[in-house]
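Work through the exercises below with the sequence and the coordinates at hand. Each task is followed by a worked solution.

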Amino acid sequence: MNDTVNRQILLVEKPTGKLGPEHFRLTKGTVPAPKDGEALLRTRYISLDAANRAWMHGATYRAAVEANTVMAGGSIAEVVSSNDPGLKPGDIVFGDTGWQDYAAVPAKHLAKMPKLEPMTHLLSVYGIAGLTAYFGLLHVGKPKEGETVVVSAAAGSVGSIVGQIAKIKGCRVVGIAGGKDKCHWLTSELGFDAAVDYKDGATYKALRAAAPKGIDVYFDNVGGDILEACLAQMNNRGRIACCGAISQYDGVPSAHGPRGVPGLIVVKRLIMQGFIVMDYMDQRDAALADLQSWVSSGKLKVQEDVIDGIENTPQALIGLLAGENRGKRMVRV
């Protein structure tokens, strides 16, 4: 990395349909100087998430990404210099650097991270993905031993961890993923009890066979038709943790649904709750202690998909939205 040039990926146009390489441009700028209270960061690993695409539609839990600006995104970065007493050169932090080599970011918006190897775990199992899985399943879904837990986008960064935590808690776990290879990986490598390939086109029927006693907890990453199929098979007083809606981020969403709302929610007395992982950050240390214990004992397997080169970041996100990845996808800068 050249320490006098700041490579940046700009979102040059907001897509109206499918995201493509033409919506981005690689440029070269200058390395910024940190102001008072800021730190100059050198990006090490950029996190790629389906939410990146959602930010292009408009404001969510953060401001929308506008055309002709550096594409937003979180990363693990190293402090180069600091004008804040809480940070020093060499510290490792997580923050919204955007897709660029260097960024000057207010220290109050950065989370200081422990120095551990592999550093990539700070973006996957010990980062937003792992914490989202942990809090969404345990604090929103509240699974009990012996219950059936279903998770969609089960081969992704969050879903793959959700399923494994549910198994640790003594649940029967069914994953919904795209393709036979992913489904085989979930059952043979990650210990899921069953997996449903939504690309077969018979999700409802396959799900009923995989979860014959119904669904007690559904961890929803996709929304749309799959949410509809799960709603109809929820048990009374079931819980649905709404994490994302990947099916509606890129391209044309489903023409309907999910149908059965609010009727099924009322009749089955379901709890359906959305959540944002930042709501639980005051409990982060306890969550990390559990996650580290499970990883060290081999109960929780970590799958990472690392792409090299900042110039490959747009295509890496496009591929993630198409379901190319297993586990957490990131770019090594």
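**Exercise 1: the nonpolar cores**

Task: in this predicted model, find which members of the largest nonpolar core touch the most other members.

Solution. The largest nonpolar core holds 39 residues, and those touching the most other members are Tyr134, Leu137, Ile165, Leu186, Phe219 and Leu291. Next, assign the core to elements: two or more residues each come from α2 (128-141), β9 (148-152), α3 (159-168), β10 (172-177), α4 (180-188), β12 (215-220) and α8 (284-297). Of these, α2 gives the largest share, eight residues. Another core lies apart from this one; it has 23 residues, including Phe24, Val65, Met71 and Leu317.

**Exercise 2: contacts of one residue**

Task: leaving aside neighbours within four places in sequence, list what Phe219 is in contact with.

Solution. Using heavy atoms within 4.5 Å as the cut-off, the list for Phe219 is Thr132, Ala133, Gly136, Leu137, Val150, Val151, Ser152, Val158, Val162, Ala241, Cys243 and Phe275.

**Exercise 3: the sheet and its helices**

Task: give the strand order of the open sheet of six strands, then place helices α4 and α6 on it.

Solution. The order is β11-β10-β9-β12-β13-β14, with parallel pairing. At the edges, β11 (194-197) and β14 (271-274) each pair on one side only. Neighbouring strands are turned by 15° against each other on average, direction ignored. Four bridges join β13 (residues 234-242) and β14 in the parallel sense; Ile240 has Met272 in β14 as its bridge partner. Helix α4 packs on the sheet, touching β10 and β11, and its direction makes about 170° with that of β11. Helix α6 (residues 224-231) lies across β9, β10, β12, β13 and β14 and runs at about 170° to β12.

Key. Residues are numbered from 1 along each chain as its sequence is written. This is a predicted model: local features need pLDDT of at least 70, side-chain atom pairs count only at pLDDT 80 or more; totals for chains, interfaces and linings use all residues. Side-chain values use heavy atoms; hydrogens and water are left out. A nonpolar core is a set of buried Ala, Val, Leu, Ile, Met, Phe, Trp, Tyr and Cys residues joined through side-chain atoms within 4.5 Å. Buried means under 20% relative accessible area, exposed over 50%, partly exposed in between (1.4 Å probe, protein chains only). Two strands pair if DSSP finds at least two bridges between them. Axes are lines fitted to C-alpha atoms, for helices over the stretch in contact, and angles run from 0 to 180 degrees between N-to-C directions.
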